[in-house]
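Hi,

Here is the structure I promised to send over. Have a look at it first, and my notes follow underneath.

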There are 2 protein chains.
Amino acid sequence: MPKGLLIVISGPSGVGKGTVLKEFMDDPALRLSYSVSMTTRQMREGEKDGVNYHFVTREQFEEAIKNDELLEWTEFVGNYYGTPVKGVEELRNEGKNVLLEIEVDGCCQVKKKCPDALTIYIIPPTMEELESRIRGRKTEPEEIVQQRLAKAAKEMERISEYKYVVCNDDVKLAADIIRVIIERHIEKNERAGA
Amino acid sequence: MPKGLLIVISGPSGVGKGTVLKEFMDDPALRLSYSVSMTTRQMREGEKDGVNYHFVTREQFEEAIKNDELLEWTEFVGNYYGTPVKGVEELRNEGKNVLLEIEVDGCCQVKKKCPDALTIYIIPPTMEELESRIRGRKTEPEEIVQQRLAKAAKEMERISEYKYVVCNDDVKLAADIIRVIIERHIEKNERAGA
């Protein structure tokens, strides 16, 4: 069996990534798998170390950065989050196609270490539609809504970092097209590994 | 039969649009069709009015702009080029899926008049690869090569204007994925029109 693919999926907050991914995430033909991330944030009730996250101290995380053990990492509201290379490689060596749901900065880090990564960005049909989705799903203060939109607009200037961009104006259609993109790459990978 | 789709394909000079399109352009299942553009440039030997282009005077072209008869238009090296609405609508009303190969500015004009257009942008795997393709295909002065690359880099900042972006690192794969995108939209269009 050839080594599995590394798939990066990104998209602005509110675009509906989760809903799209749910359409095919469990399809056995795609052999998709999430890797377990590493974080310095507090474990919450019901979470298990090594399952939801690898929970580590700041010192351990910084040691992992120094030793180049992370495929990508970021700091968010005072906590580190990252993807250990080891976990990803183990899954890929088992033939699993590992899917990372990360941001544009993380994608750039991944590309440096793994130029062959299959990178996919999900965009909203329009910024107006993104705004209405962000406003629709929860009642956030206006300031936060504006921050999310500004961040999305800034991110969208960088989508040429990705190999594929798919518009989510229809969940089934977007999921279907992303599934085909992944399938075709699995087939190509199998031909190359054969 | 439902009205055909309007499909816009763009991508930087040198990305291999022609080679990708050739893979599926004549597939009867896709019912693809090019519309005849309007231009003010001189007719060349072997060209036929109404076949290669609708050849018109500057006054006629400017009249067409004024009367809102063009889906999009541009001026290039002193000549006008544009897509008459009428020709596109006639083909779409016959159930043909009309494909326009135009630039980012043209795509923005089309989206204003036809927000449902299926817009696809083809990107190179990397700018370095684009550079080597541009250098490989002909011997152009360094200045022109640099202009093409600068234009491509500028265009790529605007690819969020498109619904889909597909990387052409493998012609068959890129063509296959674009074909699927078009097929799925044809199916959706047929379901909506049924």
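Of the contacts in chain A between residues at least 6 apart in sequence, 69% join residues at least 24 apart. Keep in mind that this is a predicted model. Chain A has seven helices and nine strands. Its radius of gyration is 17 Å, close to the 16 Å that the globule rule gives for 194 residues, so chain A is as compact as a globular protein of that length. The C-alpha trace of chain A spans about 50 × 40 × 30 Å along its principal axes, and 36% of the 194 residues in chain A are buried.

Now for how the two chains sit together. Chain B lands on chain A after a rotation of 180° with 0.0 Å of shift along the axis, at an RMSD of 0.0 Å. That is how a two-fold axis relates copies. Within chain B, Val165(B) has the C-alpha nearest the axis, 2.3 Å from it. The copies meet through the same surface, because 94% of the interface residues of chain B are also interface residues in chain A.

One strand to look at is strand 1 of chain B, residues 6-10: five of its five residues are buried, so this strand is largely enclosed by the rest of the structure. Leu6(B), Val8(B) and Ser10(B) point one way, while Ile7(B) and Ile9(B) point the other way. Strand 1 of chain B pairs in the parallel sense with strand 7 (residues 97-101) of chain B over four bridges, with Val8(B) opposite Leu100(B). Strand 1 of chain B also pairs in the parallel sense with strand 8 (residues 118-123) of chain B, over four bridges, and there Ile7(B) stands opposite Leu118(B).

Cheers

Conventions. Residues are numbered from 1 along each chain as its sequence is written. Chains are lettered from A and ligands numbered from 1 in the order in which they are written. This is a predicted model: local features need pLDDT of at least 70, side-chain atom pairs count only at pLDDT 80 or more; totals for chains, interfaces and linings use all residues. Copies are superposed by least squares on the C-alpha atoms of residues with pLDDT of at least 70 in both. Two residues are in contact if their C-beta atoms, placed from the backbone, lie within 7 Å. Helices (H or I, at least four residues) and strands (E, at least two) are DSSP runs, numbered from the N terminus. The radius of gyration is taken over C-alpha atoms; the globule rule is 2.2 Å times the number of residues to the power 0.38. A residue is buried if 20 or more other C-beta atoms lie within 10 Å of its own, exposed if 12 or fewer, and partly exposed in between; C-beta atoms are placed from the backbone. Two strands pair if DSSP finds at least two bridges between them.
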